[in-house]
Amino acid sequence: MALDNLIFAQCILYFLAFVFGFIAVVPLSENTEDFGGKCLLFTRGMWQNENITVSKQRFIVEEWGPESSCSFVTFVGIASLILSAVQAWRLLFLLCKGHDDTIFNTFLNLLISSVVVFTVFLSSTIISVGFNMWCDSLTEGGTLPSSCEDLQDTDLELGLNNSAFYDQFAIAQFGLWAAWLTWLGIAAMAFLKVYHNYRQEDLLDSLIH
């Protein structure tokens, strides 16, 4: 019964990881489309006067962020989404059939979940640091009266749609960090199952000998 509860808890965590992965991937995909494939993360720029006679300023991008940053973050989100869906379905099947994972599968799940915890943490850090760098450039380190959130309502005249970039990346960050916490829980559950199997083997050995 205790083992069934553990499997059921794992199913719930995998389902949550799927939901959070979906929450992260959708706004990232929308932003890629809005920005025409340009990566907002780690982008550097500054405000400059349009010309000497006119005091109106416009934002000039000095260097767009590496596309690999956005691609990696999106890939990790999609991979987390797919893997969690597959694992949730597999564990639900085992639960309905009354079966349990083999010792090898249990250890493999621990290994995979540990790798996912690391990669999701890495992608979450990249999106948080990269987006903060963009916002620092946009607000000139917070010296402008407008916040980064306010500036998404301003046409930056970059030849792209910047009307929702703050909301998109705020949601994506929430999704990825929540997914990381969920995968941390999944890894902890996987460790408990490995430990449970190890204790069972010790018990069988003691009974036999």
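## A residue in a loop

Glutamate 157 has a relative accessible area of 32%, so it counts as partly exposed, falling between the 20% limit for buried and the 50% limit for exposed. Keep in mind as you look around that this is a predicted model. Where along the chain does glutamate 157 sit? Its place is in the loop between α4 and α5.

The backbone of glutamate 157 also deserves a look. Most residues other than glycine have a negative phi. Glutamate 157, however, has a positive phi of about 55°, although it is not a glycine. Phenylalanine 42 is another non-glycine residue with a positive phi, here about 65°. Phenylalanine 42 belongs to strand β1, and its relative accessibility of 24% makes it partly exposed.

## The overall layout

Now step back to the whole protein chain. How many helices and strands does it have? The count comes to 5 helices and 2 strands. If you follow the sequence from its start, these elements come in the pattern α-β-β-α-α-α-α. The protein chain has 209 residues, and buried residues make up 39% of them.

Strand β2 is home to arginine 58. This arginine 58 is partly exposed, with a relative accessible area of 29%. Try finding methionine 46 as well: it is 12 residues away from arginine 58 along the chain, and the C-alpha atoms of the two are separated by 8.4 Å.

## Two disulfides

A disulfide is a covalent bond between the sulfur atoms of two cysteines. How many disulfides does this model have? There are 2 disulfides. Number the bonded cysteines in sequence order, and the pairing reads 1-2, 3-4.

One disulfide joins cysteine 39 and cysteine 70, whose sulfur atoms are 2.0 Å apart. It connects distant parts of the chain, with cysteine 39 in strand β1 (residues 39–49) and cysteine 70 in helix α2 (residues 67–97), 31 residues apart. Why is this disulfide called right-handed? The torsion about its S-S bond, between cysteine 39 and cysteine 70, is about 80°, so the disulfide is right-handed. Cysteine 39 has a relative accessible area of 1% and is buried. Cysteine 70 counts as buried too, at 14% relative accessibility, because the cut-off for buried is under 20%.

The other disulfide is formed by cysteine 135 and cysteine 148, with their sulfur atoms 2.1 Å apart. Is the link of cysteine 135 and cysteine 148 left-handed or right-handed? With -70° about the S-S bond, this link is left-handed. It also joins distant parts of the chain: cysteine 135 lies in helix α3 (residues 103–138) and cysteine 148 in helix α4 (residues 148–151), 13 residues apart. Cysteine 135 is buried, with a relative accessible area of 9%, and cysteine 148 is buried with 8%.

One more cysteine is worth finding. Cysteine 11 has 9% relative accessibility, so it counts as buried.

## The nonpolar core

In soluble globular proteins, nonpolar side chains tend to be buried together. In this model, the largest nonpolar core has 25 residues. Those with the most contacts inside it are Leu41, Ile127, Phe131, Trp134, Leu138 and Phe165. Two or more residues come from each of α1 (2–34), β1, β2 (57–65), α2, α3, α4 and α5 (165–208). Which element gives the most to this core? That is α3, with 6 residues.

## Annotated regions and a surface patch

The UniProt record, an unreviewed entry, carries the annotation "transmembrane region" for residues 7–28, 72–95, 107–131 and 170–192. You can compare two of these spans with the model. Residues 72–95 are 100% helix and 0% strand, and their end C-alpha atoms lie 34 Å apart. Residues 107–131 are likewise 100% helix and 0% strand, with end C-alpha atoms 36 Å apart.

Finally, look at the surface for a nonpolar patch. Phe104, Phe107, Leu108, Leu111 and Ile112 form it, and together they have about 480 Å² of accessible area. One of these residues, phenylalanine 107, is found in helix α3. Is phenylalanine 107 buried or partly exposed? With a relative accessible area of 48%, phenylalanine 107 is partly exposed.

Notes:
Residues are numbered from 1 along each chain as its sequence is written. This is a predicted model: local features need pLDDT of at least 70, side-chain atom pairs count only at pLDDT 80 or more; totals for chains, interfaces and linings use all residues. Side-chain values use heavy atoms; hydrogens and water are left out. A disulfide is a pair of cysteine sulfur atoms within 2.5 Å. Helices (H or I, at least four residues) and strands (E, at least two) are DSSP runs, numbered from the N terminus. Buried means under 20% relative accessible area, exposed over 50%, partly exposed in between (1.4 Å probe, protein chains only). UniProt positions are given in the numbering used here, feature names are shortened, and annotations may be inferred rather than shown by experiment. Patches are made of residues with over 30% relative accessible area and no salt bridge: like charges are joined within 9 Å, nonpolar side chains (Val, Leu, Ile, Met, Phe, Trp, Tyr) within 5 Å. Accessible areas come from the Shrake-Rupley method with a 1.4 Å probe; for residues, only the protein chains shown count as cover. A salt bridge is a side-chain nitrogen of Lys or Arg within 4 Å of a carboxyl oxygen of Asp or Glu. A nonpolar core is a set of buried Ala, Val, Leu, Ile, Met, Phe, Trp, Tyr and Cys residues joined through side-chain atoms within 4.5 Å.
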